[in-house]
Amino acid sequence: KHRLVRNLAKLMRRHEVEHSLPFTRVVLLHTEQLLAGSERPEALLLSALTRADHAGRFLLIVDNLPFILKAQRREVIAVLTKFLQSPRISLIGIADPEEYHVLVKRDPMLDQLFEKVALDDVTDDETTAVLMSRAFQATAKTDVTVTYRSIKLVLELAKRYVAREALPGKALAVMSDAIGLAEQRGSPVVAEEDVRKAVSLKAHMDVTAVSHDEREKLLALESQLQRSIVGQNEALSALANALKRARMDLQDRRRPLGTFLFLGPTGVGKTQTAKVLAQEYFGSEDAMIRLDMNEYSTEDSVHLLIGSPDAGESSAEGFLAKRVQDRPFSLVLLDEIEKAHPKVLNLFLQILDEGQLIDNFGMKTDFRN
């Protein structure tokens, strides 16, 4: 978002120079500093904007616009609202989608003054191009080379394990950390171990132990499951084979790695199979997100999964979306799924068919891993 604003400012300045137009001043307002650095921030802002209004064309960038609403400084909002109506001042607010829905959208008077522009993730090819450009810059500054193989690994692992940020930002952050780790080791080249360690730090989970050749891990999966689950060889074989097929073509996959319905009476090992699979394939039993569907038996319980804008800021994120964003490479267990309300089950149809969940704020959570 900030890069887009800087590019916009450059294009404006180039246009004004080429056509001999008066320059538009572009200024970034740091909302946190404004609210923390003055007893009367509204007076300071009013004075600054009044001078700007008399100075000519002016573009004000308000970083983290929802912070003003969160701080409950209505006087500052009143000042901004007044100058939003000035023909000489343009204003661009920057906000994350969740905070926009929880804070800005609830203020209709302020919200209607803005034209909303949603920025989505860039494509893999666009992200690769950005990473390559940054890699060339890094080589010139640090003498550490980032190979094309490392760039592809950065993109793959950032998409798979880092969910709370968007592309290309999260991939750039991973590559920057990997370059720093290579420098610390005194290595002239960013290695796979540097990328995996950088992703582990970013995702708050250990992905350094993941085998370089996942094929070997998948080949051994069935035998590992059979050591812990007794008498279910046919089911375990179907489970392992489905996961092998899912991992054959990562690029074209649009659905979760696998979706399974375990049927059987209490005690045959349904939940235990899920626990062992989480341990053997996803690295830890902690990678299993368990939902007791008895808690989702009413129509309103769907908000527990995807959040409710009407429930207040504390309920901005639903349980399922938050957990999968925190750990995108994981196993979701729907315990006693027959107890769930039909509206809740319809929600999972979106996940099973499209590999993603769109919550009440329009935010996408990736379930493909």
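**Briefing: a cis-proline loop, helix H3, a pocket and positive phi values**

Pro-168 is found in the loop that runs between helix H9 (148-161) and helix H10 (169-185). The peptide bond that leads into this proline from Leu-167 is cis, with omega near 5°. The structure is a predicted model, and the points below take up helix H3, the second largest pocket, and residues with positive phi.

**Helix H3 and its surroundings**

- Helix H3 covers residues 41-55, and because each of its 15 residues counts for 1.5 Å, the helix should span 21 Å, which agrees with the 21 Å that separates its end C-alpha atoms.
- Within H3, the buried residues are Pro-41, Glu-42, Leu-45, Leu-49, Ala-52 and Asp-53.
- These buried residues cover an arc of only 100° around the axis, so they are on the same side of H3.
- Arg-51, His-54 and Ala-55, which are on the other side of H3, are exposed.
- The cover over the buried residues of H3 includes three strands, namely S1 (25-30), S2 (58-63) and S3 (89-93), together with the helices H2 (31-36) and H5 (74-84).
- Gly-56 follows H3, and the phi of this glycine is positive, near 130°.

**The second largest pocket**

- The volume of the second largest pocket is about 1,100 Å³.
- The lining of this pocket is made up of 39 residues, and those closest to its centre are Phe-260, Leu-261, Val-332, Leu-333 and Leu-334.
- Two or more lining residues come from each of helix H14 (233-246), helix H15 (270-281), strand S5 (331-335) and helix H18 (342-354).
- Sorted by class, the lining of the second largest pocket holds 25 nonpolar residues, nine polar residues and five charged residues.

**Positive phi in residues other than glycine**

- Ser-20 is a residue other than glycine with a positive phi, near 50°, and Ser-20 lies in the loop that connects helix H1 (2-18) with S1.
- Because its relative accessibility is 68%, Ser-20 counts as exposed, the cut-off for that word being over 50%.
- Asp-143 is likewise a residue other than glycine whose phi is positive, in this case near 65°, and Asp-143 lies in the loop between helix H8 (124-142) and H9.
- Asp-143 has a relative accessibility of 63% and therefore counts as exposed.

Note on methods:
Residues numbered from 1 in each chain as written. Predicted model: local features only at pLDDT ≥ 70, side-chain atom pairs only at ≥ 80, totals over all residues. Heavy atoms only, no water. Helix = DSSP H or I, 4+ residues; strand = E, 2+ residues; numbered from the N terminus. Expected span 1.5 Å × (residues − 1). Buried < 20%, exposed > 50% of the residue type's maximum accessible area, 1.4 Å probe, protein only. Arc of directions from axis to C-beta. Contact = heavy atoms within 4.5 Å. 1 Å grid on protein atoms, 1.4 Å probe; cavity = no way out; pocket = protein on both sides within 12 Å on 5 of 7 lines; lining within 4 Å. Points joined across faces, edges and corners; volume = space filled by probe spheres on them. Nonpolar A, V, L, I, M, F, W, Y, C, P; charged D, E, K, R; others polar.
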